[in-house]
Amino acid sequence: MLRSFYLRYLMLYELEIAVNKLIHKLYPSASNIVIQFERPKSADMGDLSLSTAMVLAKQLKKSPRDIANEISTQLKLINEFDRVEIAGPGFLNFFLKHEVLTAFIQKILNNNESLYREYNEIPQSVYMEFVSANPTGPLHVGHGRSAVIGSALARILKKSNYSVHCDYYVNDAGTQIDTLACSVILRYVQSQTPELNYPTTCYQGEYITEIASELNTEILPQAVSSIVEHESKWSSLEDTEAQRTLITIIKSLIPDSTYKLIKERAVSYIIDLIRTDLDHINIHYDQWFLESDLIKNDAVKHCYTQLKANNTIYEKDGAQWFTSSQFNDEKDRVIIRSNHEHTYFFNDIAYHYQKYLKADKVINVIGSDHHGYGPRLEAAKNALGFKDKELIMRYCQFAILLRGKEKVSMSTRSGQYITLHQLIDEVGPGPTVFFYALKKPDQHLEFDIELAKKQSSDNPYYYVQYAHARICQLISKAQNVKSQEMTLLSHPTERQIMNQIYQFDTFISRASRDLSPHYVCFYLMDLAKLVHQYYNDVNILKDSDLKRLSARINLLECTKITLKEGLSLLGIEPKERM
RNA sequence: GCGCUUGUAGCUCAACUGGAUAGAGCAACGGCCUUCUAAGCCGUGGGUUGCAGGUUCGAGUCCUGCCAAGCGUGCCA
């Protein structure tokens, strides 16, 4: 690798590779062991550490401390280390040369791309899908979590050298969408004929009335009166039956083209609501993929033929079944119902078929209430002959929504739920995002609305932003002295800050490996902590040594870049002032 | 019943795929602004990691069995 004059030292990932080579050369039989730096518990244990000697002890049948000794002799060849110590049962603790860190800081000042690990492996392509809530109403606070986690992951994977495509899959076909269309129609009819009872099986939200109010001449007066006349046919029935009957009757009373128009208008109205909400928290998609397009472009038909040819479809009770139980699912699944309608699963098979054609790795960020769905998608993938592709279902535990101590109902149909929009309004976009990303995705999340509001002044988000704003303030007030003498940075906190920045890429690769964006939040909080500490310990602007002052401003500039990069991975704009 | 996920300080959560004395933030208590933004800093107290076994140099992390919570177990999506 070509190194310019200011980069005399290896970056962390290069250092890791070098150490790997040395140890593997020393112990050829241990080639299967991956050596990764760890961070020691406290600063007096050095900047980096390895537990490799203890891992090797079993394989080599030698004492860990002897192995550590052998390794440390070899590692003296590496220029970056000031010294290597052996501690406890056989830990190797590394103390980096001060110049390794200062050179790194200088490198970032010259080019902030240096913050990231440069992977050697062949870049893979990833096809991501997240949220994909049905377009039957605005997003609620539960969707917010997978939205934030999904989009943060997409950015993190991009930084990790994957090429990433993001989809929102729009279920614009099926019973729920028919119910949506009928809800709008009935609200319209009700506006003309107030005595009509609006059924409980229809969507109750205010937005339905708004969509209906934009209709005027589409529904003719005679259709209105005939719908009113038919009311008794569904009003006396049980829920599911009433819903089905309602759809059938309304479809029969309104021309196909009108019905289709209203349906499309309702869907696009709601998609706009969803898009706008997500826009406020910096979430954007490459594509809004319509389920209805799958049917138009024959993808579904193609998959059917393929599955049929592989002998994985059979008929039973008038329906078409997919033999998913032969592919590790717990039972076979219907793909075409006896009434000839496609199941959701069937169209989704076709959707995923297209994903596998375009990418090596498919990641679906999805609520954990759908975890039973994964095995059948995996089954379909393998039945279609995509065994070499990777399907990852990243389940997010659902937020249990509380208002004070009371559970809040999350039913879309009842319309009694807190929307994502309301949450962003109350809490603000930045804190909302940070709060969602802060927790490990597979951890249950108690989302107390009152608490979320209270946290607006208490949120770790502000802690990080405050660090950034403080730095901006200092930089703008500092005299402009151009000094490159970074070696003047000798304060212990300065070293800790440099070390934290040096390790930025390990946090990114950890987040990328575990598909867990919360590592980024914790990294930022750690860095912010050091900044606040530094601010209190050192009176930076009052320094009479102007060269040191300048070096310190350089360090702060570099810290600012790092905070900004971390926040932007989450989709948060850094604040210049509080 | 079966399956998946989770259980860590009073509360909300971490713990780098088995490593060092299990850490932060709230909350409690005690200090720090005539000095660059006190939305900050420093300090103190707080733990049988749900329970019981097992695997090994070493377990919050792995295996088994219980207990508790959430979800799933549709020709719903």
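Strand 4 (residues 125-130) is mostly covered, with 5 of its 6 residues buried. Buried here means 20 or more other C-beta atoms within 10 Å of a residue's own; exposed means 12 or fewer, and partly exposed lies in between, with C-beta atoms placed from the backbone. Strands (E, at least two residues) and helices (H or I, at least four residues) are DSSP runs, numbered from the N terminus.

This is a predicted model, in which local features need pLDDT of at least 70, side-chain atom pairs count only at pLDDT 80 or more, and totals for chains, interfaces and linings use all residues. Residues are numbered from 1 along each chain as its sequence is written, while chains are lettered from A and ligands numbered from 1 in the order in which they are written.

**Strand 4 and its partners**

Strand 4 pairs with strand 5 (residues 163-170) in the parallel sense, over 5 bridges. Pairing requires at least two DSSP bridges between two strands. Tyr127 has His165 of strand 5 as its bridge partner. Strand 4 also runs parallel to strand 10 (residues 361-367), again joined by 5 bridges. There, Phe130 is bridged to Val365 of strand 10.

Helix 5 (residues 141-159) completes a right-handed β-α-β unit with strand 4 and strand 5. Right-handed means that, with the strands pointing away from the viewer, the path from the first strand over the helix to the second runs clockwise.

**The chain as a whole**

Chain A holds 23 helices and 14 strands. Its C-alpha atoms fill a box of roughly 90 × 60 × 45 Å, taken along the principal axes. Of the 578 residues in chain A, 39% are buried. Among contacts in chain A with a separation of 6 or more, 75% join residues 24 or more positions apart. A contact is a pair of residues whose C-beta atoms, placed from the backbone, lie within 7 Å.

**Two domains**

The domain assignment gives chain A a domain 1 (12-96) and a domain 2 (459-570). Such bounds come from an automatic or database domain assignment. The C-alpha centres of domain 1 and domain 2 are 29 Å apart. Contact between them involves 5 residues of domain 1 and 6 residues of domain 2. On the domain 1 side, these residues are 3 nonpolar, no polar and 2 charged. Nonpolar covers Ala, Val, Leu, Ile, Met, Phe, Trp, Tyr, Cys and Pro; charged covers Asp, Glu, Lys and Arg; the others, Gly among them, count as polar.

**The surface near RNA strand B**

There are 72 residues around RNA strand B, and Met54, Asp317, Arg337, Gly372 and Lys440 come nearest. A residue is near a molecule or strand if its C-beta atom, placed from the backbone, lies within 6 Å of it. By class, this surface has 26 nonpolar, 27 polar and 19 charged residues. Helix 19 gives the largest share, 9 residues. Elements that each supply at least two residues include helix 2 (52-60), strand 3 (91-96), helix 6 (175-192) and strand 14 (445-448).

**Covered helices**

Helix 17 (residues 429-437) has 8 of its 9 residues buried. They are Gly430, Pro431, Thr432, Val433, Phe434, Phe435, Tyr436 and Ala437. These buried residues pack against helix 5, helix 16 (420-427), helix 18 (449-454), helix 19, helix 22 and helix 23 (546-570).

In helix 21, the buried residues are Phe504, Asp505, Thr506, Phe507, Ile508, Ala511 and Ser512. Their cover includes helix 1 (12-26), helix 5, helix 20 (492-502), helix 22 and helix 23.

**A hairpin and positive phi**

Strand 2 (residues 81-87) and strand 3 run antiparallel, joined by 6 bridges. Glu85 has Asn93 of strand 3 as its bridge partner. This hairpin has 3 residues between the strands.

Most residues other than glycine have a negative phi. Positive values in this model include these:

| Residue | Phi | Place |
|---|---|---|
| Gly88 | near 55 degrees | hairpin of strand 2 and strand 3 |
| Leu515 | about 50 degrees | just after helix 21 |
| Asn282 | about 60 degrees | loop between helix 11 (256-280) and strand 6 (287-290) |
| Asn311 | near 60 degrees | loop between helix 13 (299-309) and strand 7 (313-316) |

Asn282 is partly exposed, with 18 other C-beta atoms within 10 Å. Asn311 counts as exposed, because it has 10 C-beta neighbours inside 10 Å.

Technical notes
Contact = placed C-beta atoms within 7 Å.
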